[in-house]
Amino acid sequence: MSEISWTEDGTERIAHWRSESGAPAPERIEPIDDTVTADQALRRLRQGSALLWRGDYPGARQLLSAIGRRLDRRRAPTHRDIARLFTAHRAQRAERARLLGGLLVELQPGHRVDLRRAPDISAACREAYGDLREPTLVSLSELLGVLSAHQWQQKGVWIPALEAYVHPRHSVFSPVRSEYVDLVAEAPLPAADGAVTAFDLGTGTGVLAAVLARRGVARVLASDINPRAVQCARDNVRRLGLAERIEVIETDLYPPGRADLLVCNPPWLPGAASSRLELGVYDQDSAMLRGFLAGIEGHLNPGGEAWLVISDLAEHLQLRRAEDLPGLIQEAGLEVIGSHSTRARHPRSRDPKDLLHAARSREVTTLWRLRPARR
């Protein structure tokens with residue numbers, strides 16, 4: 001955390017800056033209250049000021065919503081080329097997030113927000129931020145995301161393949177789309193001499209590891225590079241009663257050893273993430289995809305299979321050519337021994353008003369069954 005300062009009521013104030021999205025600390029801070037209109041606030045945000053809210057808590061949320069409505073009135077990109085349309089749309093959304101992120105609130109030690117009519121947010125903030133021992137400035141939009149994530153963690157996401165809830169944590173990719181989970185639940189398991197073992201790489205909430213264990217895989221070693229995901233997966237595994245069959249470790253992609261089944265559901269879009277929260281969506285230079293394919297031969301037991309679960313949305317957005325994925329598989333010395341596919345079922349795929357509907361409506365998610373090519 002970095003330290004930032006500003007002047008308020010003639011006195012210099014100091015606080016720490018905290019951003020889960022990795023946004024840089026603001027260079028100029030202006031305290032405001034409900035005497036500032038949404039138009040005035042948006043103008044100051046565009047001029048480069050961060051606005052520290054000193055009114056009541058509901059007023060802060062109302063101002064954030066009003067600024068968001070004004071930003072949403074902007075004309076949507078109209079490129080005919082889908083790749084340019086996607087790039088322009090993403091840039092517009094990033095600019096929207098940056099401006100909304102300029103409305104700040106101050107957290108006190110103990111995760112208190114000293115604003116009138118503020119709710120108790122201590123449990124959610126402790127989950128996301130850990131202990132706060134100094135005054136800390138955070139973006140209100142991020143704080144609302146923290147509160148929403150905490151509600152999801154408490155409520156959970158129903159997974160039909162498990163007939164149980166999985167509880168995501170803040171900054172851990174939530175399994176709200178069932179397509180890839182269903183594919184792992186339905187594909188035939190590889191035959192093995194004795195009990196089947198599996199690796200689940202980039203486990204996130206641990207949902208795929210749990211599905212494999214429920215299907216009868218005797219031992220699953222699940223890995224993730226994100227320490228929050230590791231703890232999240234461990235919590236879910238314990239809650240589902242699968243701790244004796246699933247071990248979750250923190251590592252970059254492959255754990256040591258070999259298994260009969262290697263499973264990976266990497267981020268589906270190649271490209272650089274603009275924040276830490278986008279790491280579950282974007283795989284820069286397809287690094288995770290390439291790493292998974294490259295490591296299969298060295299971690300797969302003889303007669304085993306590797307399952308790559310990936311959407312073709314990148315192809316429809318012209319971020320990846322149709323021949324690229326087969327080329328990567330061949331370059332890694334692998335062959336496809338089968339595949340199972342399903343069309344997208346999420347709401348955006350059926351919404352003609354969605355700017356990227358032309359791509360989303362054709363999206364297909366596929367589980368590719370791979371093994372080292374026979375020489």
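**A cavity and two serines with positive phi**

Ser286 counts as buried, because its relative accessibility is 9% and the cut-off for buried is under 20%. The model in which Ser286 sits is a predicted one. Ser286 lies in the loop between strand E15 (282-283) and helix H9 (287-299). Its phi is near 50°, a positive value in a residue other than glycine.

A second serine, Ser171, also has a positive phi although it is not a glycine; here the angle is near 75°. Ser171 belongs to the loop that runs between strand E9 (164-166) and helix H6 (179-186). Is Ser171 buried or exposed? Ser171 counts as partly exposed, because its relative accessibility is 33%, and that class lies between the 20% limit for buried and the 50% limit for exposed.

The interior comes next. With a threshold of 30 Å³ or more, the count comes to one cavity. The volume of the largest cavity is about 30 Å³.

Which residues line the largest cavity? The lining is made up of Gln153, His167, Arg169, Cys232, Asp235, Asn236 and Arg239. Helix H8, which covers residues 227-239, gives the most to this lining, with four residues. By residue class, the lining of the largest cavity divides into three charged, three polar and one nonpolar. Cys counts as nonpolar, and Asp and Arg count as charged, so Cys232 is the nonpolar residue of the lining, while Arg169, Asp235 and Arg239 are the charged ones. Gln153, His167 and Asn236 are the polar ones.

How values were computed
Residues are numbered from 1 along each chain as its sequence is written. This is a predicted model: local features need pLDDT of at least 70, side-chain atom pairs count only at pLDDT 80 or more; totals for chains, interfaces and linings use all residues. Side-chain values use heavy atoms; hydrogens and water are left out. On a 1 Å grid over the protein atoms alone, a cavity is a set of points where a 1.4 Å probe fits but cannot get out, and a pocket is an open set with protein on both sides within 12 Å along at least five of seven lines; lining residues have an atom within 4 Å of a point. Grid points are joined across faces, edges and corners, and a volume is the space filled by probe spheres set on the points. Helices (H or I, at least four residues) and strands (E, at least two) are DSSP runs, numbered from the N terminus. Buried means under 20% relative accessible area, exposed over 50%, partly exposed in between (1.4 Å probe, protein chains only).
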